[in-house]
Amino acid sequence: MNYSNKFNFVAHRKIFFIISSVIIAAGVVALLLFQMNYGVDFKAGTSIDVSVGQAITKEKAQEIYKTAGFDQTVTIGGSNSDRVSTRFDEILNKEQIDKIKAAYAADYKDKVSMEVNTVSPDIAKELAFKAIIGVLIASVAISIYVSIRFEWRFALAAIISILHDAVIVVSMFAIFRFQVDLPFVAAVLTTVGYSINDKIVIFDRIRENLRFSKLKTPADLEVMVHDSIWQTMARNINTVITVLIAAICLFIFGSESIKLFALAKIIGLTSGAYSSICIASPLWYMLKKNSLGSKRKVVAAAEAKE
């Protein structure tokens with residue numbers, strides 16, 4: 001099939017590199033100016049989940065907290081809207097917790113049950129450190145796998161593009177000040193997994209086409225990569241859309257605690273599909289183009305000697 005009339009992602013690679021660079025640069029600036037909006041998982045604080053045994057409104061829950069001396073934003077959840085979740089940026093002592101429980105008990109008596117989770121500064125730092133290590137280990141393991149299955153140029157293009165996807169998610173959360181917690185880390189790690197899947201599909205097709213293509217010039221290589229992208233386009237798009245629909249449904253219909261996880265997945269899946277087509281494949285082309293030029297020089301030198 002002739003793909004010459006299709007949009008050439010390889011030829012327009014500079015545009016995509018600039019778009020990604022601008023988003024990442026904006027994210028870095030946001031990180032330097034404001035840092036990430038860490039949730040209680042990554043900073044010292046206390047989270048309280050109160051079950052009152054019957055439906056409760058957000059306004060009523062906030063009023064009870066004001067009675068206890070706290071002006072807090074609350075989240076209502078549970079199957080019957082009977083659960084109130086609240087996050088505090090400071091570590092509450094026993095007296096403060098007892099005061100909150102007493103304020104709820106004043107209205108809901110013995111139906112009140114409370115779950116309190118406290119994160120100390122040391123634990124918060126340890127969680128943040130382990131999250132970074134987890135992402136790095138996943139990236140290195142994927143790089144090794146791709147190196148074994150393909151070759152180092154594919155591995156280098158893959159590792160740069162999956163790190164690109166992870167950084168894009170972080171950048172978007174930094175720019176828009178979305179809260180970062182442990183589900184966010186899970187979303188980043190699964191983004192890395194889904195992202196490499198798309199790239200493997202395209203790389204596998206490039207490798208197959210490489211065996212049967214007679215590449216003499218960079219233009220020949222560009223056409224081969226261009227055709228490989230379009231040959232796998234339908235499969236990649238269908239795969240991403242399937243998972244994207246599930247992530248969007250989670251974001252729309254899920255509870256407050258899972259919405260940011262779903263949002264990170266939506267951003268990551270979109271970035272993964274984008275980078276597979278617009279970043280990874282053009283990167284491999286640039287690396288391979290240089291080697292193609294080197295081989296051409298060697299052949300020319302050999303012919304000159306003859």
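Which residue just after H5 takes a positive phi? Select Arg177: its phi is about 60°. Helices (H or I, at least four residues) and strands (E, at least two) are DSSP runs here, numbered from the N terminus.

Before going on, keep in mind that this is a predicted model, where local features need pLDDT of at least 70 and side-chain atom pairs count only at pLDDT 80 or more, while totals for chains, interfaces and linings use all residues. Residues are numbered from 1 along each chain as its sequence is written, and side-chain values use heavy atoms, with hydrogens and water left out.

**Stop 1: H5 and H4**

Now select H5 itself, helix 152-175. Its 24 residues should span 34 Å at 1.5 Å a residue (the rise is multiplied by one less than the number of residues), and the end C-alpha atoms are indeed 34 Å apart.

Hop over to Ile144 in helix H4. Ile144 is partly exposed, at 48% relative accessible area (buried is under 20%, exposed over 50%, partly exposed in between, with a 1.4 Å probe and protein chains only). Draw a distance from its C-alpha to that of Ile258: you should get 32 Å, for two residues 114 apart along the chain.

**Stop 2: the pockets**

A pocket is an open set of points on a 1 Å grid over the protein atoms alone, with protein on both sides within 12 Å along at least five of seven lines; lining residues have an atom within 4 Å of a point. Grid points are joined across faces, edges and corners, and a volume is the space filled by probe spheres set on the points.

The largest pocket holds about 850 Å³ of space. Select Thr75, Arg87, Gln179, Glu256 and Ser257, the closest to its centre of the 27 lining residues. Strands E1 (37-38), E3 (74-77) and E4 (83-88) and helix H9 (256-305) each give two or more residues to that lining. By class, the lining has 8 nonpolar, 11 polar and 8 charged residues (nonpolar: Ala, Val, Leu, Ile, Met, Phe, Trp, Tyr, Cys and Pro; charged: Asp, Glu, Lys and Arg; polar: the others, Gly among them).

Next, the second largest pocket, at about 510 Å³. Pick Ala131, Ile132, Val135, Val170 and Phe184, which lie nearest its centre among 19 lining residues. H1 (13-34), H4 (121-149), H5 and H6 each give two or more residues to the lining. Its classes read 18 nonpolar, 1 polar and no charged residues.

**Stop 3: the cavity**

A cavity is a set of grid points where a 1.4 Å probe fits but cannot get out. The whole structure has 1 cavity of 30 Å³ or more, with a volume of about 40 Å³ for the largest. Show Tyr194, Asn197, Asp198, Thr239, Val240, Val243 and Leu269 to see the lining. H6 (182-212) and H8 (233-253) each supply at least two of its residues.

**Stop 4: around H8**

Stay on H8 and colour its buried residues: Met233, Asn236, Val240, Leu244 and Ala247. They cover an arc of only 85° around the axis (taken from the directions from the helix axis to the C-beta atoms), so they sit on the same side of H8. Turn to the other side for Ala234, Arg235, Thr242 and Phe253, which are exposed.

**Last stop: the core**

A nonpolar core is a set of buried Ala, Val, Leu, Ile, Met, Phe, Trp, Tyr and Cys residues joined through side-chain atoms within 4.5 Å. In the largest one, of 32 residues, Phe9, Val146, Phe203, Ile206, Val225, Ile229 and Trp284 touch the most other members. H9 gives the largest share of this core, 7 residues.
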